[in-house]
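Reader: I should like to learn how the surroundings of a ligand and the burial of residues are read from a model. Please take me through the features one at a time.

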Amino acid sequence: MGNEVYNSSQAYRSVPSAKYDVIIVGAGIVGLSTAYHIKAQNPDSTVLVVDRAPTFAQGNTAKSAAGYRDLFSSEVNFRLSSSTIAYYRSVQGSGKKDLGMNPVGYMFLLGKDDPRKQTLEELSRKTKIEFLERDEISSYQYLNLKPNEETAAMMGLPEVESAAIGKNCGIIEPELVAEHYYRECVDQGVEFSFSTSVAEYHLEPVNPLDYPGEPFLWQDKTLRSIRTNRGDFAASQFITAADIWSTGLLDPTGIDSHIRPKKRQIFQTGGKAVEEMLFGWSRNPDGVLPFTILPKNGIYIRPAPRYRSLWIGVADDYNRDFSFTENPEPEREFFDYGIAQVINCYFPALKDQKVTGMWAGYYSYNTIDKTPYIFRDLNIIVGTGTSGSGILKGDAIGRVVASLYSGKEKAKLFDGSEITVEDLGIHSRNVGMESMVL
Ligand SMILES: Cc1cc2nc3c(=O)[nH]c(=O)nc-3n(C[C@H](O)[C@H](O)[C@H](O)COP(=O)(O)OP(=O)(O)OC[C@H]3O[C@@H](n4cnc5c(N)ncnc54)[C@H](O)[C@@H]3O)c2cc1C
């Protein structure tokens with residue numbers, strides 16, 4: 001039976017059960033960037049991307065807050081992010097494509113003795129960070145530096161003593177970034193098969209003997225093809241870029257994805273006071289509030305000037321279990337009794353604002369060092385563990401996966417810097433612990 005493959009003319013065509021050089025499972029930011037860089041590095045290779053959704057970027061890429069920043073404590077995350085930002089900026093700067101990049105900055109509101117201050121001071125040696133003293137931020141009328149004493153004592157809320165604004169940071173539109181890679185891939189001849197759901201992987205013997213019960217313990221194993229609702233697809237190599245779903249695909253093979261899902265939610269607020277606060281920041285050319293991180297609990301406010309709204313989220317850990325459902329629901333009570341209670345103390349204008357939308361997705365969480373995993377086992381490469389920053393590291397992750405596929409020891413990033421591929425792997429992993437997870 002032939003498989004149906006989506007080609008650049010947007011029509012399904014039937015092709016024989018072709019064998020590809022590589023099949024990538026997942027057309028989110030990681031799968032798309034990977035496909036693009038593999039084809040760029042190996043123009044003669046045949047590349048197929050499959051995704052169960054009817055088009056690209058329908059998974060967690062669509063759920064993102066889509067902030068970009070190079071403010072990471074580990075050197076490897078700094079390089080993955082800063083080179084990706086440089087690449088996105090070059091695409092946007094070419095004038096041919098709009099990725100929705102808006103360099104509003106990332107503003108950390110810091111209490112006394114906030115440990116992030118030292119990290120930010122160290123980072124200011126390699127990227128641009130503006131430090132503001134208390135009296136400088138007090139001119140922003142919507143920010144209350146000193147929460148009510150009784151409430152502050154009860155909730156453990158620190159006074160805002162200073163702020164640090166990352167200048168190589170801002171917001172971006174993930175669907176535009178994804179579309180950029182998709183169009184480039186199609187132009188280069190990468191094939192796509194959407195609405196194609198891959199069942200769990202099943203390993204086969206490298207040298208089949210046609211005995212029942214194969215593969216036996218003593219036989220070398222390989223993934224020869226993937227079974228989907230559109231038939232089987234064969235390839236020499238497979239790349240798993242299925243984010244949190246990678247675990248389910250890999251489990252039967254005995255290969256560990258090393259990640260766990262963590263639910264993450266975003267609550268959108270709108271209204272007159274929100275708009276005044278959003279556009280009332282005098283330190284940006286267009287007056288837009290930076291992506292703002294509160295001094296307590298990592299709660300963030302993401303400006304969404306395109307939608308004249310503010311998106312509020314938090315990377316909560318305690319009592320946030322690792323359970324997983326296909327369609328995670330945002331929890332309004334979590335916002336009302338958790339996030340809003342803190343936000344209202346620092347931004348009283350938000351107190352009576354309406355929640356105009358909300359959604360939830362997952363981080364594919366590397367719970368050890370919060371840094372992506374990129375490794376090979378048999379003929380399967382895995383790229384996951386983005387831990388909440390896959391958009392802003394998307395280009396570099398694609399380059400590292402493509403370099404692993406191409407057998408290169410080092411991945412050359414857009415800004416010319418290099419990363420040793422196996423540093424992001426399992427066996428010789430060499431990355432520092434990341435402390436700046438949002
Ligand atoms: C609330 C929230 C806020 C975030 N904020 C930010 C942020 O500010 N900045 C940032 O950089 N990142 C952020 N992230 C993280 C970012 O969204 C992810 O790191 C990134 O989208 C991961 O990309 P991906 O391609 O690995 O995964 P996905 O986009 O999830 O792609 C995986 C794809 O695999 C497909 N798939 C799964 N199973 C199968 C199967 N069996 N067969 C076929 N296809 C399959 C899915 O349909 C999906 O399209 C946030 C995430 C969330 C949830």
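The dialogue below treats the ligand shell, its contacts, and then some individual residues.

Author: This is a predicted model, in which local features need pLDDT of at least 70 and side-chain atom pairs count only at pLDDT 80 or more, while totals for chains, interfaces and linings use all residues. Residues are numbered from 1 along each chain as its sequence is written, and side-chain values use heavy atoms, with hydrogens and water left out.

Reader: Which residues come nearest to the ligand?

Author: A residue is near a molecule if one of its heavy atoms lies within 4 Å of it. Here 34 residues surround the ligand, and Asp51, Asn60, Thr61, Thr386 and Leu392 come nearest. By class, 15 are nonpolar, 14 polar and five charged; Ala, Val, Leu, Ile, Met, Phe, Trp, Tyr, Cys and Pro count as nonpolar, Asp, Glu, Lys and Arg as charged, and the others, Gly among them, as polar.

Reader: Which helices and strands each supply at least two residues of that shell?

Author: Helices (H or I, at least four residues) and strands (E, at least two) are DSSP runs numbered from the N terminus. Helix 1 (29-41), strand 15 (260-270) and strand 19 (354-365) each meet that mark, and strand 19 gives the most, with three residues.

Reader: What polar atoms lie beside the ligand's oxygen and nitrogen atoms?

Author: A polar contact is a pair of N or O atoms within 3.5 Å; within protein, one must be able to donate a hydrogen and the other to accept it, and residues adjacent in sequence count only if both atoms are side-chain atoms. A polar side-chain atom of Thr61 is 2.5 Å from a ligand oxygen, and a backbone N or O atom of Asn60 is 2.8 Å from a ligand oxygen. A polar backbone atom of Ala65 lies 3.0 Å from a ligand nitrogen. Taken alone the ligand exposes 1,000 Å², of which the protein buries 97%; such areas come from the Shrake-Rupley method with a 1.4 Å probe, and for residues only the protein chains shown count as cover.

Reader: Is Asn379 buried or exposed?

Author: Buried means under 20% relative accessible area, exposed over 50%, and partly exposed in between (1.4 Å probe, protein chains only). Asn379 counts as buried because its relative accessibility is 10%. This residue sits in the loop between strand 20 (373-377) and strand 21 (380-384), and its side chain makes a polar contact of 3.1 Å with the side chain of Thr222.
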